[in-house]
Amino acid sequence: MESKKIQSALISVYYKDGLAPIVELLHKNGVQLYSTGGTQTFIEELGIPVTAVEDLTSYPSIFGGRVKTLHPKVFGGILYRRDNQGDVDTAAQYEIPSIDLVIVDLYPFEETVASGASEDDIIEKIDIGGISLIRGAAKNFNDVLIVSSRTQYAEVLSILEQKNCGTDLSDRKRFAMLAFGTSSHYDTAIHAYFNGNNTDIYDFKSLPQNGLRYGENPHQAATFYGNLDSLFDKLHGKELSYNNLVDVDACITLLDEFEETSFVIIKHTNACGVATAPTVHEAYKNAFACDTISAFGGVLATNGTVDKASAEEMNSLFFEILIAPDFTEEALEVLKSKKNRILLKRKPVQVSKMMFKTLLNGVLEQDKDLSTEKVADFRTVTEKAPTASELKALEFALKICKHTKSNTIILAKEGQLLASGVGQTSRVDALKQAIEKAGEFGFDLNGAVMASDAFFPFPDCVEIAHKAGITAVTQPGGSIKDKDSVAYCDANGVAMVMTGIRHFKH
């Protein structure tokens, strides 16, 4: 099919990153450019001629910028059908130029809500002209290419380069589909805000669509629906994969359990290193010491600023991703020495409190496990009470326990994960696995604590733990044989607390 040459384009965007190569290519191919406000200034600073929308419409931007593009000469140029003689005649009668390409993004409504801005500021970020341009151009995909997100810039540039600044119908129809997804997601976010940030139906198809190279394995196709740009600034590295995204979710979810300076290392969604410390440097060293083998190829995250010393410490490790709220320039210089290493600067945006999973012929929905037990929630059930240090270690261990695949056992001391047994069909096997791993990496378990995601149906786990040196245990309780585990602890000087909260993770 012959490509349709782009003769004119309307560009009006909030974010300019990545736009310049497209504008330069359009100019090189003689495309007439129309633009507004800040985008017009941006194009002019590139040394490229552009016609202001106000000059096209003969109307200025009015009402504080609320009305700029809402005019027949703009929407007529987008919507008129080039193969409809009546439309062609009307366009000629009213001197309406054709607009073959529309590049527009929307005011950052979700980001403004997440920032805690006032209601007046939030309302002003409800885009009217932009959303109308997107819908109009998408409707007329037979003649117009709509680019509705900066995430599409790279693909659009590639298409225009390959097709001599032209597009095929299949290109335009696909980008129309993406545009309606952008529109739907935007309206859903606005509806959620007016509805107290609650949505009655979670329609993932309304979210921005990001194709992935493949899924969990190379023979599986995969797509991510969501706006990663609202969560992270990607500072360096290759594109995120399916498995990367799954591990990133697990990593930040666990990290968010901690208020103090912390470091988390995730491998296949389970923690293989967690530590809290006064500095990011020390927290990383302690987290890495937990399992220096599993950390290879892992996903790393911290809630503190990564400085040069921390960067140099972790630079020798091969890891996929590092997430932090900030990096010093010196740290970035060190970390960017590995071409494919992904560096994500995290933004202060809240994620959903709901979880969805497809299975059988339907979908499961549940609340996320948002319960985190603290020392005040512990109920001591043994004659011996935990020491202050043991209580802090038990609280720390429980935070990791709830984010680890069942059956799980966590062994820890205050501020450091020592070992974990994960995903075992037997809780005894999980404990034995954890004890063995602790020994492999040189940890002395004497005086350490143990956390279990569910109750002990028999006293075997506390017996094995005690013989390994564990001095304090936490579990939810609820077994008809709880008294047997408690009796063993009392007979052997082990402290036990119960929480009443189970943390299965399947």
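These points concern the aromatic rings of a predicted model and the arginines placed over some of them.

1. Aromatic pairs. The structure holds nine aromatic pairs. One of them joins F109 and Y193: the ring centres are 5.9 Å apart and the planes stand at 85°, so this pair is edge-to-face. An angle over 60 degrees is what places a pair in that class.

2. Position in the chain. The F109–Y193 pair links distant parts of the chain, with the two positions 84 residues apart in numbering. F109 belongs to helix α6, which covers residues 109–114. Y193 belongs to helix α10, which covers residues 169–194. Both F109 and Y193 are buried.

3. A further pair at Y193. The ring of Y193 also pairs with that of F194. Here the centres lie 5.5 Å apart and the planes are at 80°, so this pair too is edge-to-face.

4. Exposure of the two partners. Are Y193 and F194 buried or exposed? Y193 has a relative accessible area of 17%, and because buried means under 20%, Y193 counts as buried. F194 has a relative accessibility of 57%; the limit for exposed is over 50%, so F194 counts as exposed.

5. The cluster. Which residues form one aromatic cluster with F109? The other members are Y186, Y193 and F194.

6. Arginines over rings. R82 lies over the face of Y80, at 4.5 Å from the ring centre. R174 is likewise placed over the face of F175, at 5.6 Å from the centre of that ring.

Definitions and conventions: Residues numbered from 1 in each chain as written. Predicted model: local features only at pLDDT ≥ 70, side-chain atom pairs only at ≥ 80, totals over all residues. Heavy atoms only, no water. Phe/Tyr/Trp six-rings, centres within 6.5 Å; stacked < 30°, edge-to-face > 60°. Helix = DSSP H or I, 4+ residues; strand = E, 2+ residues; numbered from the N terminus. Buried < 20%, exposed > 50% of the residue type's maximum accessible area, 1.4 Å probe, protein only. Lys NZ or Arg CZ within 6 Å of the ring centre and 35° of its normal.
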